[in-house]
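User: Please take a close look at one pocket of this model and describe what surrounds it. I am a first-year student, so go step by step and connect the pocket to the rest of the fold.

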Amino acid sequence: MSLLKITRLGHPNIRQGAEPVSSEELRSREIQRLIDDMVETMRDAHGVGIAAPQVHVSKQIIVIEVLPDNPRYPSQPAVPLTVLLNPAITDHAETMEEGWEGCLSVPDLRGLVPRWTRVNVTGLDREGQSVQLDAEGFFARVIQHEVDHLQGRVFLDRLPNLSTLTHLREYEQFWKS
């Protein structure tokens, strides 16, 4: 496994829609190694999710994991390693909730982003098996954030206004609860 270079805001890969992963690709050594490298890269950067476009690969792959000791999100409940290929949000709660988000591709910024409080997502796991998840709270937020990356969006696009956009140092000092 190896660390991958994280794509930053401004690079064209961040704003492109990602292509689905075919069943032939899914079984390839390259895609399986990419998934492993994405997990290692996410963990090394203390992220809770990463999408393939964030590592310069325009494929519909996301990995999510919330570890209890994550310094970027220390108070969030743990989420086991989740790998989704070709994910699609098929249903969601009617209620939305604002929550602080940051992004590995938009370093040192945070903002309050409204997201659905619950989502149902379908896709494939890394072995090609169908997956259907019903996620709530922070897990639902991370899924929506990562699926946005597959559609060429970043959390900044979801801000209702820029009044909550803050640098990480100021977030830590004035806003973090």
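Analyst:
**The second largest pocket and its surroundings**

The lining of the second largest pocket consists of 7 nonpolar, 2 polar and 4 charged residues. The model is predicted, and the description below applies to that model. The pocket holds about 190 Å³ of space. Its lining has 13 residues, and those nearest the centre are R115, W116, Q144, D148 and R158.

Which elements each supply at least two residues of this lining? They are β3, β5 and α4. In the sequence, β3 covers residues 79-92, β5 covers 106-116 and α4 covers 137-150.

Three of the residues nearest the centre, R115, D148 and R158, also belong to a network of salt bridges. The other members of this network are E101, R141 and R153. As background, side chains of opposite charge can pair when their charged atoms come close. One pair here is D148 with R153, whose closest N and O atoms are 3.9 Å apart. Is D148 buried or exposed? D148 has a relative accessibility of 4%, so it counts as buried, the limit being under 20%. Its partner R153 has a relative accessible area of 33% and is therefore partly exposed. This salt bridge is one of 12 found in the whole structure.

The largest pocket makes a useful comparison. Its volume is about 390 Å³, and 20 residues line it. Nearest its centre lie S75, Q76, G99, W100 and F138. The lining of the largest pocket divides into 6 nonpolar, 7 polar and 7 charged residues. At least two of its lining residues come from each of β4, β5 and α4. For the second largest pocket, the elements with at least two lining residues each are β3, β5 and α4. Thus β5 and α4 appear in both descriptions.

The strands named so far belong to two sheets. Take β5 to begin with. It sits in an open sheet of 3 strands, ordered β4-β5-β8, with antiparallel pairing. The edges of this sheet are β4 and β8 (166-167), and each has a single partner strand, so one side of each lacks a neighbour in the sheet. Between β4 and β5 there are 7 bridges, and the two strands pair in the antiparallel sense. One of these contacts joins C103 to V106, its bridge partner in β5.

The strand β3 belongs to the other sheet, an open one of 5 strands in the order β1-β2-β3-β6-β7, again with antiparallel pairing. At its edges are β1 (49-51) and β7, each of which pairs on one side only. On average, neighbouring strands in this sheet are turned by 40° against each other, direction ignored.

Within that order, β3 has β2 on one side and β6 on the other. Strand β2 is joined to β3 by 5 bridges, and the two run antiparallel. In β3, L84 is the bridge partner of I62. On the side of β1, I62 stands opposite A51, and I64 in β2 stands opposite G49. The pairing of β1 with β2 (residues 61-66) is antiparallel and uses 3 bridges.

How many of the residues of β2 are buried? The count is 6 of 6, so the strand is mostly covered, with buried meaning under 20% relative accessible area. In a regular strand the side chains alternate between the two faces of the sheet. In β2, I61, V63 and E65 are on one side, I62, I64 and V66 are on the other, and both faces are covered.

Toward β6, a salt bridge adds a side-chain link. D91 pairs with R118, with the closest N and O atoms 3.9 Å apart. D91 is in strand β3 and R118 is in strand β6, 27 residues apart, so the pair links distant parts of the chain, in the sense of elements defined as DSSP runs. D91 has a relative accessible area of 40%, which makes it partly exposed. R118 counts as partly exposed too, at 23% relative accessibility.

In short, the pocket draws at least two lining residues each from β3, β5 and α4. D148, one of the residues nearest its centre, is buried and forms a salt bridge with R153.

Key
Residues numbered from 1 in each chain as written. Predicted model: local features only at pLDDT ≥ 70, side-chain atom pairs only at ≥ 80, totals over all residues. Heavy atoms only, no water. Salt bridge = Lys/Arg side-chain N within 4 Å of Asp/Glu carboxyl O. Helix = DSSP H or I, 4+ residues; strand = E, 2+ residues; numbered from the N terminus. Buried < 20%, exposed > 50% of the residue type's maximum accessible area, 1.4 Å probe, protein only. 1 Å grid on protein atoms, 1.4 Å probe; cavity = no way out; pocket = protein on both sides within 12 Å on 5 of 7 lines; lining within 4 Å. Points joined across faces, edges and corners; volume = space filled by probe spheres on them. Nonpolar A, V, L, I, M, F, W, Y, C, P; charged D, E, K, R; others polar. Pairing = 2+ DSSP bridges. Axes fitted to C-alpha atoms, helices over the stretch in contact; angles between N-to-C directions.
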